[in-house]
Amino acid sequence: MTKIITTTNQKGGCGKTTAVISLASALAMRGFTVTVVDCDPQTNATQAFGVEAEDLDDDQFTVVDAFLAKKPADQIEMSFPDRIGGRLYLVPGSRGVSTVQFRFDAHINERLATQEITQIDADNVKDDQRRRLKTSLDSLRGKRDFVIIDTGPELGLMMTTALIAADYYLIPMIPSGYDLKGLKLLMKAVNQIRERYQPNLELLGVLLSKVKGTKLDEQIRDILSAAFEEGDLMKTEIADSVRHREATLYGVSIHEHAPGQAASMQYLSLADEILDRVGNPKPITGLPASQEVSLETRAAEG
Ligand SMILES: Nc1ncnc2c1ncn2[C@@H]1O[C@H](COP(=O)(O)OP(=O)(O)OP(=O)(O)O)[C@@H](O)[C@H]1O
Ligand SMILES: [Mg+2]
């Protein structure tokens, strides 16, 4: 059944969006249907699909409609029939994402001021607002194999709401951007979300990216191994490669930009490791015959 994964790390530029797009397209190459959800007002994940949030048709909904109009994600999704077997979908982002928190707060404050609701009601409205993304994405359960959420570099409403919507969270990290204090705050937020909203939220893993193989990288890998439990660090690491920066610039996935090259193969290995971690599901829609063989070979190898 559908697995919803969110990336989280309030550190900017640590490879979240690159991980979302590269992993989503790797899973699509393995025969799975994947919807990417862009919750970052920078709309980098949307751009990575070659879509400009500002140029969307007037009747095309965005992730903001999931929050403000309670639109189910299956009515927001865009499809890309010509890319990776048509298995990739996008819930496009919008700069308007940055206004959602403000609008939510204004709505509550206005109703408090006009004495329509009590303070306790206000808490309930807040809870409902925080669950809007989850409710919207639940419309994709049973339809897509994976839903992968991209969040921006802050521990605000979007990250909270994405964690509430998710079954798993992935922490992309670059050794040079390692920040233990930030990580502790993130883990605190995760624990609070588990207690109040989503008890089954599970760490998928910590993904080291832009790894250069220096002594410092090794030291940080050791610190992280000690800070997390055994097996929390993904075995697959993503090396620093100019191919990723190029793919970002051209608005294509790494697998379309540099097929067969290390940068692409590392993300395919990551997809395989993640498939293992989530119990080796079969695609909901069934696999094309050619992919079925490669998956079975992989299972036999594993
Ligand atoms: N493995 C890599 N090797 C080299 N460059 C990379 C790698 N992964 C990502 N990059 C580049 O680093 C930059 C930042 O990556 P990305 O946008 O994925 O980070 P982010 O965490 O999403 O940033 P933000 O916090 O602003 O959303 C991009 O230009 C991207 O192409
Ligand atoms: Mg990003």
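A residue counts as near a molecule if one of its heavy atoms lies within 4 Å of it. Keep that cut-off handy for these exercises, and remember that you're working with a predicted model.

**Exercise 1. Work out how many residues surround ligand 1, and which are closest.**

Solution. Start with the count: 19 residues surround the ligand. Next, pick out the closest, which are Lys16, Thr17, Thr18, Ser241 and Thr248. Now sort the shell by residue type: you get four nonpolar, nine polar and six charged residues.

**Exercise 2. Find N or O atoms of the protein that pair up with oxygen atoms of ligand 1.**

Solution. The cut-off for a polar contact is a pair of N or O atoms within 3.5 Å. Take the side chains to begin with. In Thr17, a side-chain N or O atom is 2.8 Å from a ligand oxygen. Thr248 also uses its side chain, with an N or O atom 2.7 Å from an oxygen of ligand 1. Then check the backbone: an N or O atom of His244 lies 3.4 Å from a ligand oxygen. As for cover, ligand 1 has 620 Å² of accessible area on its own, and the protein covers 87% of that.

**Exercise 3. Say where ligand 1 sits, then describe the lining of that site.**

Solution. Step one: the ligand sits in the largest pocket. Helix 1 (16–29) and helix 10 (242–250) are the elements giving two or more residues to the shell around ligand 1. Step two: look at the pocket itself, which holds about 610 Å³ of space. Its lining has 32 residues, and Gly15, Thr17, Thr18, His244 and Thr248 are the closest to the pocket centre. Step three: list the elements that give the lining two or more residues, namely helix 1, helix 2 (44–48) and helix 10. By type, the lining splits into 11 nonpolar, 16 polar and five charged residues.

**Exercise 4. Inspect both ends of helix 10.**

Solution. Begin at the N-terminal end, where Ser241 acts as the cap. One of the side-chain oxygens of Ser241 lies 3.0 Å from the backbone nitrogen of Arg243. Ser241 is also among the residues closest to ligand 1. Then go to the other end: just after helix 10, Gly251 takes a positive phi of about 70°.

How values were computed: Residues are numbered from 1 along each chain as its sequence is written. Chains are lettered from A and ligands numbered from 1 in the order in which they are written. This is a predicted model: local features need pLDDT of at least 70, side-chain atom pairs count only at pLDDT 80 or more; totals for chains, interfaces and linings use all residues. Side-chain values use heavy atoms; hydrogens and water are left out. A polar contact is a pair of N or O atoms within 3.5 Å; within protein, one must be able to donate a hydrogen and the other to accept it, and residues adjacent in sequence count only if both atoms are side-chain atoms. Accessible areas come from the Shrake-Rupley method with a 1.4 Å probe; for residues, only the protein chains shown count as cover. On a 1 Å grid over the protein atoms alone, a cavity is a set of points where a 1.4 Å probe fits but cannot get out, and a pocket is an open set with protein on both sides within 12 Å along at least five of seven lines; lining residues have an atom within 4 Å of a point. A molecule sits in a cavity or pocket if more than half of its atoms lie within 2 Å of its grid points. Helices (H or I, at least four residues) and strands (E, at least two) are DSSP runs, numbered from the N terminus. Ala, Val, Leu, Ile, Met, Phe, Trp, Tyr, Cys and Pro count as nonpolar, Asp, Glu, Lys and Arg as charged, and the others, Gly among them, as polar. Grid points are joined across faces, edges and corners, and a volume is the space filled by probe spheres set on the points.
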